[in-house]
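User: Please take a close look at one strand of this model and at what lies around it. I would like the pairing and burial set out, then the salt bridges and pockets nearby in the account.

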Amino acid sequence: MRTNVQILPGVKAVGWLDCNNLPNRVDLMGICRQNFGIFTTITAVEFFDEPECSCKREKSGGSYCETASLKFQSGQRLPEHIRLGFVVTDIAGQSYLIGSKETPRPIVEVEQKAGSPSGDAASFYYEIKHTALKTLIPCTI
């Protein structure tokens, strides 16, 4: 099994969107390196500290599979009633999409912490994982 890991040089912005409003088969557009625009509302996520974003590409058998991972700490609770997707913008200004209209959908894990009396912030810790043929797809917003 061969593995490549791509790590963004620094995350400048994170936003969420409704995957139902995305074009069909964005994973195939990413594989073909076809640029596409996102023409839906992207809601900014305010985060603390440094978010982490990476993409791991594995070859197993005769096919490839990618797994994107996004971790951040936020003071706001993200909606749970829609199919969430995420747009991550790095410090160079390039935006990447995590998620798609079709399955498999991103897995969103959230942990709420009250903080410590010594001054740690009470917040939500998010970890998003998405496994697909292609994820962390370059896009235009």
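Analyst: **Strand 6 and its surroundings**

Strand 2 (residues 11-18) and strand 6 run antiparallel and are paired through seven bridges. The model is a predicted one. Within this pairing, Trp-16 has Phe-86 of strand 6 as its bridge partner.

Strand 6 covers residues 84-90, and seven of its seven residues are buried. The burial applies to both faces. On one side are Leu-84, Phe-86, Val-88 and Asp-90, and on the other are Gly-85, Val-87 and Thr-89. Phe-86, the partner of Trp-16, is thus on the side that also carries Asp-90.

Strand 6 also pairs with strand 7 (residues 95-98), again in the antiparallel sense, through four bridges. Two of the facing positions can be named. Thr-89 is opposite Ser-95, and Val-87 is opposite Leu-97. Thr-89 and Val-87 belong to one side of strand 6, together with Gly-85. Ser-95 and Leu-97 likewise point one way from strand 7, while Tyr-96 and Ile-98 point the other way. These four residues of strand 7 are all buried. Strands 6 and 7 form a hairpin with four residues between the strands, and there Gly-93 adopts a positive phi near 95°.

Strand 7 in turn is joined to strand 10 by three bridges, with the two strands antiparallel. Here Tyr-96 has Pro-138 of strand 10 as its bridge partner. Pro-138 is also one of the residues that lie nearest the centre of the largest pocket.

**The largest pocket**

This pocket holds about 280 Å³ of space. Its lining has 16 residues, and besides Pro-138 those nearest the centre are Gly-30, Ile-31, Arg-33 and Lys-134. Helix 1 (26-31), strand 5 and strand 10 are the elements that contribute two or more residues to the lining. Helix 1 gives three residues, the largest share. By class, eight lining residues are nonpolar, four are polar and four are charged.

**Salt bridges**

Lys-134, named above for the pocket, also takes part in a salt bridge. Side chains of opposite charge can pair when their charged atoms come close. Across the whole structure, seven salt bridges are found. In one of them Lys-134 meets Glu-66, with N to O at 3.4 Å. Lys-134 is in the loop between strand 9 (123-132) and strand 10 (137-139), whereas Glu-66 is in strand 5 (residues 63-74), so this contact ties together parts 68 residues apart in sequence. Arg-57, Glu-66 and Lys-134 are joined into one network by salt bridges with shared partners. How far is each side of the Lys-134 and Glu-66 pair covered? Lys-134 has a relative accessible area of 19%, which makes it buried. Glu-66 is buried at 3%. The cut-off for buried is under 20%.

Two further salt bridges can be set beside this one. Asp-27 and Arg-25 meet at 2.8 Å, N to O. Asp-27 is buried, at 9% relative accessible area, but Arg-25 is partly exposed at 34%. Glu-58 and Lys-56 meet at 3.8 Å, N to O. Glu-58 is partly exposed with 22% relative accessibility, and Lys-56 is partly exposed too, with 37%.

**Strand 5 and the second largest pocket**

Strand 5, which holds Glu-66, also holds Ser-69. Ser-69 is buried, at 13% relative accessibility. Apart from neighbours within four places in sequence, Ser-69 is in contact with Glu-52, Cys-53, Ser-54, Glu-127 and Ile-128.

Strand 5 contributes to the second largest pocket as well, and strand 4 (47-60), strand 8 (107-113) and strand 9 are the other elements that give two or more residues to its lining. About 150 Å³ of space lies in this pocket. It is lined by 13 residues, and Lys-71, Phe-72, Gln-73, Tyr-125 and Tyr-126 are those nearest its centre. Strand 4 supplies five residues, the largest share of the lining. By class there are seven charged residues, five nonpolar and one polar.

To return to the starting point, strand 6 is paired with strand 2 and with strand 7, and strand 7 leads on to strand 10, which is among the elements lining the largest pocket.

Conventions: Residues numbered from 1 in each chain as written. Predicted model: local features only at pLDDT ≥ 70, side-chain atom pairs only at ≥ 80, totals over all residues. Heavy atoms only, no water. Salt bridge = Lys/Arg side-chain N within 4 Å of Asp/Glu carboxyl O. Buried < 20%, exposed > 50% of the residue type's maximum accessible area, 1.4 Å probe, protein only. Pairing = 2+ DSSP bridges. Contact = heavy atoms within 4.5 Å. 1 Å grid on protein atoms, 1.4 Å probe; cavity = no way out; pocket = protein on both sides within 12 Å on 5 of 7 lines; lining within 4 Å. Points joined across faces, edges and corners; volume = space filled by probe spheres on them. Nonpolar A, V, L, I, M, F, W, Y, C, P; charged D, E, K, R; others polar.
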